[in-house]
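User: I am a first-year student, and I would like a close look at a single part of this structure. Please begin with one helix and its burial, and then place it beside other parts of the model.

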Amino acid sequence: MYKYQPVIGLEIHVELKTKSKMFCQDSADYFGKKPNTHVCPVCLGLPGALPVPNKKAIEWTILIGQALNCSINKVSKFDRKHYFYPDLPKGYQISQYDEPIASNGWLKFQISNFKFQIKEKKFRIHRVHLEEDTGKLIHSGSDTLVDFNRSGVPLVEIVTEPDFDNSDDVKRFLEELHTIIRYLGVSDADMEKGSMRLEPNISLRKISIQDSGFKIQELPNYKVEVKNINSFNFVKRAIEYEIKRQTEILEKGETPAQETRGFDSVKGITYSQRSKEEAHDYRYFPEPDIPPLEFTYKEIEDIKKKLPELPSDKEKRLIKEYRLKAQDAFILTRDLRIADYFEKVTDEFNKLMLVQDKASVDIEKQQSLGQTIANLIVNKRLSTSLDPEEFAKKAITSTVTYIADREKMDKAVSKVIDDFPKAVEDYKAGKTNSIMFLVGQVMKEMKGQVDANTVKKKLIKILK
Amino acid sequence: MAKKTLTKEEIIHLSKLANLSLTEEEIEIYGSQLSEILSYIEQLEEVDTSKVSSTAQVTELKNVTEEDEVKEERSIKDLAGLKVNKDNYFTVKRIR
Ligand SMILES: [Zn+2]
């Protein structure tokens, strides 16, 4: 008996949002700009031009490496990767080959499986390196049009170990990575604009199970890479399609071709682009124009101090500090702005409550104050475009009952119970609908100056 | 001195990587010239490097970087005379 187990690794490209390009001083802000207006001898690969690395881009790459728990290599260098393609004016791309800025990291986070059981999973990061983006190509009629505004924009490549065996974990990993990059503020990581691009590589491992239960694993002798996908869902679908396609080939006793494929999001299929053998002779060699990079322990530590609290840590802290439900803490921490906003509102709320005479307020006790605020944000009951203080004031109005009002309400409730014994009896006899009649009477008594839900809860409590 | 001779297949492979299309005659000529150059360089193998650590550069410079600043004056303003169309795109023969 045997089965196939997917072996999946990821390559992720992230464009940094530096002001200038990686090796020259043209603006790196190319989106929507007139073609070929942010170009110079360096990024056009004119003879004699000298590339000089952007210091900020190097620091940000170190920061990404640190956020992914990598070790930062004290010595690093740039290399030339050669190939001919019109998006590359020099005939080579400046990248990093054997001495990347960061390597050997990991990322872990909570994943809930199909049974909604939560489990922490850890995936290893192979390396993080820095390179330059290429120009943009548009195919039109008998021509290919080239815009080099993007050529030379700093590009970080993150490579994972082939630690994934299903598309759900991959999607969740990519979402976590995307959130981290956004927290670091080093890239827009905008999938639609192409500032984050995804490339899964997929193969299948054959596992034979002996009668004794002993398992024999065969390592796959091929690898299929799917290039340049710009959505997490497309990655998931591309992986699922590949698993199916490769299983069919393997079951016929054949081996899938080692190749690069594209993903057709309309048809939901992958298609062959080029076979890897012919494209893989990059002749890397050290970039002679750029001296090596060397970092001291102190320099690396100084950059590490700039690491913000990362999403999964923030999530854990919110659960602990504000007694939030895990699910809400997760939602709030997906966007740093919302997470910060939540904390500011909670703070404002507390300040406003301090001003109130403590004896005069009575917050719903069954949930924490934090959870109350979280509910208002997550269920979009109040807009997060409000100033935090404004939000807190409105939150108080809708969640805090003052004791003076409460006493008035209690009186009104007693009066209504005395006045309408028939409705009370009906309710006690199981006609639960009659509670709404009683609520209406209390509202009438109080001229609408009370929250209907609070009245209903109170009535149910008394009539129980 | 050991003489390294490149095979015809190697020369064809290299010419592809260098984006050159060579005639049979040129494969013959460049093949032997490249082999000679390789043999010449190979003389370096005779130097005892057992006590020298490897390096990728000889300038002894390190950490040469620029601040993250846009210097528009370094951008090329006018692409006139180059192969650009009316929308300022470079144009090449369609590649796919
Ligand atoms: Zn430039």
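Analyst: The model shown here is predicted. Helix α9 of chain A, residues 369-378, is mostly covered, since 10 of its 10 residues are buried. The buried residues of α9(A) are A:Leu369, A:Gly370, A:Gln371, A:Thr372, A:Ile373, A:Ala374, A:Asn375, A:Leu376, A:Ile377 and A:Val378. A residue counts as buried when its relative accessible area is under 20%. After α9(A) comes A:Lys380, which has a positive phi near 55°.

A positive phi also occurs at two asparagines of chain A. A:Asn36 is not a glycine, yet its phi is positive, at about 55°. This residue belongs to the loop between β1 and α1 of chain A, and A:Asn36 counts as buried because its relative accessibility is 1%. A:Asn69, likewise not a glycine, has a positive phi of about 60°. A:Asn69 is placed in the loop between α1 and β2 (71-72) of chain A. With 30% relative accessibility, A:Asn69 counts as partly exposed.

The loop that holds A:Asn36 also contributes to a metal site. The zinc ion is coordinated by the SG atoms of A:Cys24, A:Cys40 and A:Cys43 and by OD of A:Asp26, at 1.9 to 2.3 Å. The angles among the 4 donor atoms run from 96 to 121°, and the site of the zinc ion is tetrahedral. Four donors count as tetrahedral if all angles lie between 85 and 135 degrees, so the range of 96 to 121° satisfies that condition. For comparison, the ideal angle for four tetrahedral donors is 109.5 degrees. Along the sequence, the spacing of the donor residues of the zinc ion is C-x1-D-x13-C-x2-C. The pair A:Cys24 and A:Cys40 links distant parts of the chain: both residues lie in the loop between β1 (2-15) and α1 (55-67) of chain A, 16 residues apart. A:Cys24 is buried, with a relative accessible area of 3%, and A:Cys40 is buried too, with a relative accessible area of 4%.

One of the zinc donors, A:Cys43, leads to another loop of chain A. A:Ser151 is in contact with A:Cys43, as well as with A:Lys21, A:Pro89, A:Asp133, A:Thr134 and A:Gly135, when its neighbours within four places in sequence are left aside. A:Ser151 is found in the loop between β9 (143-147) and β10 (154-160) of chain A. At 3% relative accessibility, A:Ser151 counts as buried. A:Ser151 and A:Leu88 are 63 residues apart in sequence, while their C-alpha atoms are 7.5 Å apart in space.

Two further helices of chain A hold partly exposed residues. A:Glu175 is found in helix α2 of chain A, residues 167-184, and counts as partly exposed at 26% relative accessibility. From A:Glu175 to A:Ile243 there are 68 residues in sequence and 21 Å in space, C-alpha to C-alpha. A:Phe437 lies in helix α13 of chain A, residues 434-445. The relative accessible area of A:Phe437 is 38%, so this residue is partly exposed. Leaving aside neighbours within four places in sequence, A:Phe437 is in contact with A:Phe420 and A:Ala423. A:Phe437 and A:Ala423 are 14 residues apart in sequence, and their C-alpha atoms are 7.6 Å apart.

Chain B offers a pair of helices in contact. A general point helps here: two packed helices are described by the angle between their axes and the distance between the axes. The axes of α1 (residues 8-17) and α2 (residues 24-42) of chain B come within 10 Å and cross at roughly 100°. That angle makes α1(B) roughly perpendicular to α2(B). In this contact, B:Lys8, B:Ile11, B:Ile12 and B:Leu14 of α1(B) meet B:Glu24, B:Ile27, B:Gly31 and B:Leu34 of α2(B). The residues of the contact divide into 5 nonpolar, 1 polar and 2 charged.

Finally, B:Ala56 brings the two chains together in one description. B:Ala56 is placed in the loop between α2 and β1 (90-93) of chain B, and is partly exposed, with a relative accessible area of 39%. Not counting residues up to four places away in sequence, B:Ala56 touches A:Lys77 and A:Pro286. Within chain B, B:Ala56 and B:Arg94 are 38 residues apart along the chain, and their C-alpha atoms are separated by 38 Å.

How values were computed: Residues are numbered from 1 along each chain as its sequence is written. Chains are lettered from A and ligands numbered from 1 in the order in which they are written. This is a predicted model: local features need pLDDT of at least 70, side-chain atom pairs count only at pLDDT 80 or more; totals for chains, interfaces and linings use all residues. Side-chain values use heavy atoms; hydrogens and water are left out. Donors are N, O and S atoms within 2.8 Å of the metal (3.2 Å for Na, K and Ca); water is not among the atoms, so sites may look incomplete. Four donors count as tetrahedral if all angles lie between 85 and 135 degrees; four count as square planar and six as octahedral if opposite donors are over 155 degrees apart and all others between 65 and 115; anything else is irregular. Helices (H or I, at least four residues) and strands (E, at least two) are DSSP runs, numbered from the N terminus. Buried means under 20% relative accessible area, exposed over 50%, partly exposed in between (1.4 Å probe, protein chains only). Axes are lines fitted to C-alpha atoms, for helices over the stretch in contact, and angles run from 0 to 180 degrees between N-to-C directions. Angles under 35 degrees count as roughly parallel, over 145 as roughly antiparallel, 65 to 115 as roughly perpendicular and the rest as oblique. Contact means heavy atoms within 4.5 Å. Ala, Val, Leu, Ile, Met, Phe, Trp, Tyr, Cys and Pro count as nonpolar, Asp, Glu, Lys and Arg as charged, and the others, Gly among them, as polar.
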